[in-house]
Amino acid sequence: MPETLAAHPAVTPPLITASGLSLTLTPTRETISIGPFAGCLASLNTALGITLPETFATTIAADGVVYSRAAHDQWFATAPEGTGLMSRLEASCMKLAALTNQTDSRVTLSLKGIGARAITSKIVPIDLHPDFFGPGHTALTLAGHIPIILTCSNADTAYDFTVFRSFAQSLHHDILVAMNGGIPNSERV
Amino acid sequence: MRLTCPHCGARALEEFTYRGDATLRRPAEDAPHQAWVDYVYLRDDPAGYHSELWYHGVGCRAWLVVIRNTLTHQIKSVSSAVASPAPNKSDS
Amino acid sequence: MHGILNAFSSASQSSERKTSRLSGNGIDTTKTLCFSFDGHNYTGHPGDTLASALLANGVRLVGRSFKYHRPRGILSAGPEEPNALVELRGGARREPNSRATVTELYDGLISTSQNRWPNLAFDALGINGMMSPVFTAGFYYKTFMWPASFWEKFYEPVIRRAAGLGRAADEADPDHYEKNNAFCDVLVIGSGPAGLSSALAAAESGARVILCEQDSLLGGRLRAENIQIDNHPGWQWAEDIVSHLRNMSNVRIMTRSCVFGRYDGGTYGVVERVSDHLAEPLPGQPRQRLWRIIAKQGIVATGGIERPIVFPNNDRPGIMLAGAVRTYINRFGVTPGQQAVVYVNNDDGLRTVSDLLAAGARIAAVVDSRAQPSSQAKTIIQQTGAPLFFGARIADTSGYRGVKMAIIRDNKGKNHRIACDLIAVSGGWNPDIALTTHDGGRPVYNETLATFVPALDSEDLHVAGVAAGTMTTAEALREGAQVGQRAAAQCGFREPSTPPVATPAVDQDETYGVVAQWHALDKESSQRAGKAFIDFQNDVTAKDTKLAAREGFISVEHLKRYTTLGMATDQGKTANVNALALLAEVTQQSIPQTGTTRVRPPTQPVALGALGGPHRGKHFKPYRLPPTHQWAVEQGAVFTANGLWLRAQWYPRSNETSWEETVNREVKTVRNAVGFCDVTTLGKIDIQGPDAATFLERVYVNAWQKLPIGRARYGLMLREDGFAFDDGTTARLGENHYVMTTTTANAGPVMQHLEFCHQWLWPEMNVQFISVTDEWAQIAVAGPKARDVLRQIVDPAFDLSNEAFGYMAAASVTICGGQTARLFRLSFSGELAYELAVPARYGDALAKLLMRVGQSYGIAPYGTEALGVMRIEKGHPAGPELNGQTTAHDLGMGRILSKKKDFIGKTMAARPALTDPSRPTLVGLRPLSPTLPLVSGSHLLPKGKPATACFDQGWISSSAWSPTLKSWIALGFLAHGPERHGEIIAVHNPLAGTITEAEIVSPVFVDPEGTRLHA
């Protein structure tokens, strides 16, 4: 029997710095999409022991699992790899929702540093002011021409770009170009 | 132009895809041929408010019913298509 | 000949005198910058524009006009400049039509004049001026009409040479451009008195404010004028306000940033000239940055543009707008002339007299067209003693390369010849209202101000200052504060109980008192109307307007197009209102009756590079990489774009001399041994729910209810109009669980279609979808040895025998000792084949593993080209067949349309015309001579018939050299095709002009019985 398969990173290099900011490929989390079947949302919430967030503005964490809204009728549950998230969800809500493994569908690029908001603003067309997009906020939107899920992990200084794996290298390039372009003079950082 | 998605908030046009008239209803399989021709090919071109379908493909993947003024691009309302009046009941 | 001309040229240049430099509020005379114009070296200072520096060096002649090649100088001190257009920089950065008046000087700046040959002072094409009758209104339409064939070969090249503007760079732009997004409550456009006070008021109310100024310095007109505010020079007051604003965390100040357009939903387009003021951008720095600003409220405080007055020979170098003269004096410390005539129809222009005197110039005459001198005029004359002609006009000027004399016709009709080197003209101010009209707002004519002012009926746009027709500084400051507060209040920021800004005291009695004088043509001087310019940049004269009207072009929109008035790069900023007034006069209408043309974005020229931003070259659009991409690069694969995806097209080996050789080898490997190919790019959609099977029945034409778990089926989707939309296989993985595949190109559209069907057509269906395209690395393993290879990888618990895992089987399996995977027995090539899917991160390792374990079976990777050859050999339709114009019937799949259920497209697909047997239907084609290529796009004709449309019976959609059959083969669509197998038909390639013969055959060329497939 051949050896086990080795994982291959979606982008190279996994860490890069420019203009005092860093862009890193973050460790993969097990990600399961939860699509409630018709009329099952309430029982699903009971089964999960939480209330799935009603807006994109909030994420909910319980038992090491983070829940965030992923579409008009879908949510993502994420947990560190190796914690058996799919098995746990299957046990509690198999009949209530479509569960689909999305762990390898996307990767997350993390932009950190002073001016991260200014750099992100170059490619993301939503208002990132901390009053409207603070820590824990997510948005399904675009980075340039690439669909992303943007999450603020620290106001002004840390943003996570979650992107379909096949787009990751292209997005990595675009973020790097934005970083190299520097922070506009009119920005307050 | 910007649309305020009921799920995602105010977003720019490039996140959405236009489909067209939201007052059309898919005819029954055995409906008269003319009903099908109307549904598939014939469109009104109103000057003023128009109820139309848009898809927030880059965002929440919801189909939306947008009431838009075709003369001014003013948006009167944006609502989720599934929450809109049941397609088979209304026939406006 | 050349020597003589050059000698002449340098003689004229050296005669220009250097003027002494005064201090200006916008320049730093402690530092010196070197620059060149037309090869001559000059110096200037930081803060200079190219125009101010040229004037400071005594250079007045800077360009030649577009049609008549008349000598031209600098008219304005701002972005409205029609004349002083130069080529900047060189090589790949050469930039034509740059306005010298907004070009910031930098050390080493190189500029050249345009539109002259051989040089600026002596321009051989100045003779065009003598041919001016030829170039009058509508000359494009009249002169070069006949013969038609002359246009392309002769007229156009000659006109382009004679009447061209600058030359674009020949090389790709080496600079980087970027885009940016910004959001605010209140966007203030312009930083003059109205802009600054509105920004301050809005910011003090707590609103998020962005202040955009196109200039490098803030202050607007306060820098151009000698105005005292609170006992300080106005520009100092502006600097104080700016530093106050800079300290507020809710304010962003953007300089060198032109708001060029206003769009729906409070969207504004802004171009920031990040490094235009440098010789080249710093490392990493963009040249320009395109901003999209989303503002809840906009305040237009863009000021005004001064109008010239139309009089004979009003275009000579040295004839300038009065406000520009004051700007050069006050901001730049440059006196544009020593002996000036000031020609006005309003009090504001009279400021020029005192500013010129303060700068040491002499006033040769003041010409005021108003019938009676205003009190302002009297005061100024009293103070200065300059000769005043009221009720007068300038009847003509002289001086070839620069004005030398004004002929003033006084109110008695007597001419006075006054020597001068500068004529400062003010015909009044036009509010700069372009941004208020972009969303359809139509301005209204104000008789008192003799101009158009915005008529706003908008809850989210406000106007203040000169842009609103508010002509004095004190009123502009007050109005700005009010508008700023109102805009902030609209955003929910309550007005503070006390006014946030004490309205500053402006210790100067400003009056305007304009009385319209559009032109100075009377009975006598109107003979020279052909030299009285309205639009300087496009050389449109008063005579052209009259001619156009006489020829029936009396609508303002027609006038514009017929005369080209306002259609140059300056968009007629200094010309349009004068032209309207002249047209009104000729047509004996009022100005409001004459109307205005619609102003559209951009307000100023925007470089295409800025609009493109970073999306250029191979980053024009994003790319998607399949999981084996890196590995394929290491194999030396050649790639092709398939939608956004980059896919390996073939894998050349060092001994192979052509791509055909490589592809043939790859095909043979699959047909004789085993090959593999990354097919991750096919769309994959996970479908779950109690109604999943019913839903599939509605979107596919065929039946799905009875598909067993662990099996896959081919499905065809139609559009509602009955034409084919997409196809693929869908596998049933569990009771209510399916995974659908789509074509690579349609993955997104199919997802959108499913969501539409579910959310809009049948919301009662209990079903969920999510894309898993990127989740799984899916690799096709195809060929007689495919099972042998997979047995090395798939864990032994899974029986891969034909009996246990037959054609179209699907299963979740484990590989490599427990790794989750999915296995499908699907075949696009027609061979024994599987598709093995593993979580995407392992795709790279799977490819390497297949190479290792398959080595003894002769395995090789194959690319999209071999994939395409094999699917043609097997008669599988793909993109060229599913082209949006073919039906299930055309594709030979009419029989799979279910009659037992409704599905998308069912009713319309049943229309007789869509199932007519005479519709071109899928066939295979083999040339009678096997090595003679069949070419896609060729038409199919009955043998012996002429190649005309009435004999056209179909076309070739796909073709390839088949290494298996050792012949060219093709798929195509042919009328009554299935009944005509065996017939010989003519194949017409209209591009090559060839007609060859081919045999009509079954579209399945290889293994029609499916023996290999089911092996």
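**How chain C meets chains B and A**

Between chain B and chain C, 13 residue pairs turn up in polar contact, counting those with both residues at pLDDT 80 or more. The elements that put two or more residues into the chain B side of this interface are strand S3 (17–21), helix H1 (33–41), strand S4 (49–55) and strand S5 (63–69) of chain B. H1(B) chips in the largest share, six residues. By type, the chain B side breaks down into 17 nonpolar, five polar and seven charged residues. This is a predicted model, and in it the contact draws on 29 residues from chain B and 28 residues from chain C. The two chains bury about 2,500 Å² between them, with carbon and sulfur atoms giving 56%. Five salt bridges cross this interface; one of them pairs Arg61(B) with Glu755(C), whose closest N and O atoms are 2.9 Å apart.

Now for chain A. Here 56 residues of chain A touch 66 residues of chain C, and the area buried is about 4,800 Å², 52% of it on carbon and sulfur atoms. Leu5(A), Ser166(A) and Arg188(A) account for 15% of what chain A buries against chain C, more than any other three residues. The salt-bridge count between chain A and chain C is five, including Lys122(A) with Glu178(C), at 2.8 Å between the closest N and O atoms. Polar contacts come to 30 residue pairs (both at pLDDT 80 or more). Among the elements giving two or more residues to the chain A side are strand S3 (29–36), helix H3 (116–123) and helix H4 (168–180) of chain A. H4(A) gives the most, with six residues. The chain A side divides into 23 nonpolar, 24 polar and nine charged residues.

Note on methods: Residues are numbered from 1 along each chain as its sequence is written. Chains are lettered from A and ligands numbered from 1 in the order in which they are written. This is a predicted model: local features need pLDDT of at least 70, side-chain atom pairs count only at pLDDT 80 or more; totals for chains, interfaces and linings use all residues. Side-chain values use heavy atoms; hydrogens and water are left out. Contact means heavy atoms within 4.5 Å. Buried area is the accessible area (1.4 Å probe) that two parts lose on being put together, summed over both. A salt bridge is a side-chain nitrogen of Lys or Arg within 4 Å of a carboxyl oxygen of Asp or Glu. A polar contact is a pair of N or O atoms within 3.5 Å; within protein, one must be able to donate a hydrogen and the other to accept it, and residues adjacent in sequence count only if both atoms are side-chain atoms. Helices (H or I, at least four residues) and strands (E, at least two) are DSSP runs, numbered from the N terminus. Ala, Val, Leu, Ile, Met, Phe, Trp, Tyr, Cys and Pro count as nonpolar, Asp, Glu, Lys and Arg as charged, and the others, Gly among them, as polar.
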